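Reader: I should be grateful for a close examination of one part of this protein chain, set within the architecture of the whole. Please proceed from individual residues to the overall fold.

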Amino acid sequence: GLMERYGSRTTAQKLGIQAGATVGLIDPPRDYAAALGELPADAELVENPDSVHPVTLWFVRDLREYQAGLRRMRTIAHQTKLWVVWRKGIVGGLSDKLVREAANEVGLVDYKICAVNAQWSAMAFARRKS
């Protein structure tokens with residue numbers, strides 16, 4: 001409707017989750033459904049998927065775990081819209097600066113940042129064009 005087009009966008013819209021999309025969730029917290037809020041029709045969330053889906057939300061909790069997983073994520077970044085999602089504040093030593101720098105080191109470039117909700121931030125990455 002008209003109202004929702006001009007109203008604030010949902011978290012799903014900000015993350016590019018469209019109707020019918022399948023979203024891979026890597027290491028999601030138990031309350032991820034509440035964090036993501038309302039999803040479009042037929043959107044499906046798959047926890048720790050075996051295959052790559054159009055959108056990937058990778059929830060990271062500390063810097064070391066993040067750095068350890070980055071190379072694996074880089075291998076799928078050309079097949080998915082890759083979002084790194086971390087808790088706001090200095091929980092686990094993560095900040096937008098550190099999230100960006102560690103990803104840049106393995107050849108990923110950030111192109112979007114958004115707030116998922118009051119607790120979580122997300123940054124989208126693509127592989128650097130060689």
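Author: Serine 121, leaving aside residues up to four places away in sequence, touches Val84, Val85, Trp86, Lys88, Cys114, Ala115 and Val116. The serine belongs to strand S6, and its relative accessibility of 12% in this predicted model places it among the buried residues, because buried means under 20% relative accessible area. Among its partners, Val84, Val85 and Trp86 can be placed in strand S4, which covers residues 81-87. Cys114 and Ala115 are likewise partners of serine 121, and strand S5 runs over 108-115.

Strands S4, S5 and S6 meet again in the surroundings of helix H5. The buried residues of H5 pack against these three strands and also against helix H4, residues 63-76. Helix H5 itself spans residues 96-105, and its buried members are Val99, Ala102 and Ala103. Viewed along the helix axis, these buried residues are confined to an arc of 100°, and they therefore line one face of H5. On the face turned away from that buried side, H5 carries the exposed residues Lys97 and Glu105. Just beyond the end of the helix, glycine 107 adopts a positive phi of about 90°.

Arginine 100 is also part of helix H5. Its relative accessible area is 29%, and it is classed as partly exposed. Apart from neighbours within four places in sequence, arginine 100 is in contact with Asp110, Met123 and Phe125. Asp110 falls within the range of strand S5, 108-115, whereas Met123 and Phe125 fall within that of strand S6, 120-127. For the pair formed by arginine 100 and aspartate 110, the C-alpha atoms are 6.7 Å apart, with a separation of 10 residues in sequence.

Two further residues extend the picture to other helices. Threonine 11 is located in helix H2, residues 11-14. With a relative accessible area of 13%, threonine 11 is buried. Its contacts, neighbours within four places in sequence excluded, are Ala35, Leu36 and Val116. Val116 also appears among the residues that serine 121 touches, and it thus figures in the contacts of both threonine 11 and serine 121.

Glutamine 67 is situated in helix H4, one of the elements against which the buried residues of H5 pack. Glutamine 67 is partly exposed, at a relative accessible area of 43%. The C-alpha atoms of glutamine 67 and glutamate 38 lie 31 Å apart in space, and the two residues are 29 apart in sequence.

These local arrangements sit within a protein chain of 5 helices and 6 strands. From the N terminus on, the order of the elements is α-α-β-α-β-β-α-β-α-β-β. Of contacts between residues at least 6 apart in sequence, 65% join residues at least 24 apart. The radius of gyration is 14 Å, in agreement with the value near 14 Å for a compact globule of 130 residues. Along its principal axes, the C-alpha trace spans about 45 × 30 × 30 Å. Among the 130 residues, 38% count as buried. The accessible surface amounts to about 7500 Å², and 50% of this belongs to carbon and sulfur atoms. As for charge, the chain has 18 positive and 14 negative side chains, and the centres of the two sets are 7 Å apart.

Note on methods: Residues numbered from 1 in each chain as written. Predicted model: local features only at pLDDT ≥ 70, side-chain atom pairs only at ≥ 80, totals over all residues. Heavy atoms only, no water. Helix = DSSP H or I, 4+ residues; strand = E, 2+ residues; numbered from the N terminus. Rg over C-alpha atoms; globule rule 2.2 N^0.38 Å. Buried < 20%, exposed > 50% of the residue type's maximum accessible area, 1.4 Å probe, protein only. Contact = heavy atoms within 4.5 Å. Areas by Shrake-Rupley, 256 points an atom, 1.4 Å probe, with all protein chains shown as cover. Lys, Arg positive; Asp, Glu negative; His and termini not counted. Charge placed at Lys NZ, Arg CZ, Asp CG, Glu CD. Arc of directions from axis to C-beta.
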